[in-house]
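Visitor: Could you take me through one part of this structure up close, and then show me how the rest is arranged around it? Pick a helix and start there.

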Amino acid sequence: MKIISSIAELHDQLRGQLRTAFVPTMGNLHDGHLSLMRLARKHGDPVVASIFVNRLQFGPNEDFDKYPRTFAADVEKLEKEGVYVLFAPTEKDIYPEPQEFRIQPPDDLGNILEGHFRPGFFTGVTTIVMKLFSCVQPRVAIFGKKDYQQLMVIRNMARQFALPTEIIAAETYRAEDGLALSSRNGYLSESERAEAPTLFRELNRVADALRSGNLDVSLLEKSAIDHLARRGWQPDYIAIRKRSDLQPPTAGDIATREPLVVLAAAKLGSTRLIDNLEV
């Protein structure tokens, strides 16, 4: 595996490659990330991964400085997966000058849910993804469904800018007890880790109610939030939304079986976890 930090060197290395499959990450790799590498190989060759902790998508009170960085272990894992190139730029490589040009997602998608609780987050995400796409120039790129809203934002961006990159969605990779794998799970204490699967169980409870014909979206959301809060969580949201645009469904949407997704974000101790479940 070649480890490259320079954009110019990356372009030289990938020149003439027409089927590159790309997996962008922020490092601290776990089995969920590695499943993305395997999926990438099914859709293209060579496989290129990136590791870059993107300052632009962290708010002023978020965990940029303490975000886990495990580069040596990450390299070892990627080598075992047969990744061809690891693009591991420094901040100076990616932002040699202030990034004054930014991608601004539309308010009705970028400023709801995660965008509401993390202002500017999706501007940071789309800006770095667009820049990484320019660096790698992939034919396909793999993103996990765990970050459901992020996946939709990036997919819409790629379509509206007519980017020559197909966005492939990977199913959420879970531990045996249902917890969605995330780099931030490492922040959980032993007792918090035991409690963490409650979030996914709550999503299943809401989804089961919807499948059974319960049309009271507000009540289902409130009940789930209250249940988490009673167990010591600090919920930001549990929201039932249409898969098509992440807007709230009407009673008619639910009655006609509009495809839905239940999304959640909540703090357990000091660790903020997100998850979702399609209905």
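Guide: Let's start with helix α11, residues 217-230, which lies across β7 and β8 and runs at about 155° to β7. Keep in mind that this is a predicted model. α11 has 14 residues, and from its first C-alpha to its last it reaches 20 Å, close to the 20 Å expected at 1.5 Å a residue.

Now look at which side chains are tucked away. In α11 the buried residues are V217, L220, E221, A224 and L228. Seen down the axis of α11, these buried residues fall within an arc of 100°, so they line one face of the helix. Turn to the face pointing away from that buried side and you'll find the exposed residues S218, L219 and R230. What do the buried residues of α11 pack against? Their partners are α10, β7, β8 and α12, the last of these being residues 251-255. Just after α11, G232 takes a positive phi of about 100°.

That brings us to the sheet under the helix. It's an open sheet of three strands, in the order β7-β8-β9, with antiparallel pairing. β7 and β9 (271-278) stand at the edges with a single partner strand each, so one side of each has no neighbour in the sheet. On average, neighbouring strands here are turned by 10° against each other, direction ignored. The β7 and β8 pair, which α11 lies across, is joined in the antiparallel sense over eight bridges. If you want a spot to fix the register by eye, A239 stands opposite L263 in β8.

α11 shares this sheet with helix α10, residues 198-211, which lies across β7, β8 and β9 and runs at about 30° to β9.

Next, the cores. As a rule, nonpolar side chains in soluble globular proteins tend to be buried together. In this model the largest nonpolar core has 40 residues, and the members touching the most others are L10, V129, F143, I167 and L246. The elements giving two or more residues to this core are α1 (7-14), β4 (85-87), α7 (121-136), β5 (140-144), α8 (148-160), β7 (234-242) and β8 (260-268). So where does the biggest contribution come from? That's α7, with ten residues. Zoom in on V129 and you'll see it touching F143, I154 and M157, leaving aside residues up to four places away in sequence. There's also a second, separate core of 25 residues, with F200, V262, A264 and L273 among its members.

α8 makes a nice counterpart to α11. Its 13 residues should span 18 Å at 1.5 Å a residue, and the end C-alpha atoms are indeed 18 Å apart, which agrees. The buried residues of α8 are Y148, Q149, Q150, L151, M152, V153, I154, M157 and A158. Just after α8, A162 takes a positive phi of about 55°.

Moving on to the other sheet: it's open too, with six strands in the order β1-β4-β3-β2-β5-β6 and parallel pairing. Here β1 (2-4) and β6 (166-170) are the edge strands, each with a single partner, so one side of each is left without a neighbour in the sheet. The twist averages 25° from one strand to the next. At the β1 end, β1 and β4 pair in the parallel sense over three bridges, and K2 stands opposite V85 in β4. Helix α1 lies across β1, β3 (47-51) and β4, running at about 160° to β4. Helix α3, residues 71-80, packs on the sheet as well, touching β1, β3 and β4, and its direction makes about 170° with that of β3.

Two loop residues round things off. T20 is found in the loop between α1 and β2 (21-25). T20 is buried, with a relative accessible area of 1%, and touches D45, P46, V48, V136, P138, R139 and V140, not counting residues up to four places away in sequence. P98 is found in the loop between α4 (91-94) and α5 (107-110). P98 is exposed, with a relative accessible area of 62%. The C-alpha atoms of P98 and T127 are 29 residues apart along the chain and separated by 12 Å.

Terms used. Residues are numbered from 1 along each chain as its sequence is written. This is a predicted model: local features need pLDDT of at least 70, side-chain atom pairs count only at pLDDT 80 or more; totals for chains, interfaces and linings use all residues. Side-chain values use heavy atoms; hydrogens and water are left out. A nonpolar core is a set of buried Ala, Val, Leu, Ile, Met, Phe, Trp, Tyr and Cys residues joined through side-chain atoms within 4.5 Å. Buried means under 20% relative accessible area, exposed over 50%, partly exposed in between (1.4 Å probe, protein chains only). Helices (H or I, at least four residues) and strands (E, at least two) are DSSP runs, numbered from the N terminus. Contact means heavy atoms within 4.5 Å. The expected span of a helix is 1.5 Å times one less than its number of residues. Two strands pair if DSSP finds at least two bridges between them. Axes are lines fitted to C-alpha atoms, for helices over the stretch in contact, and angles run from 0 to 180 degrees between N-to-C directions. The arc is that of the directions from the helix axis to the C-beta atoms.
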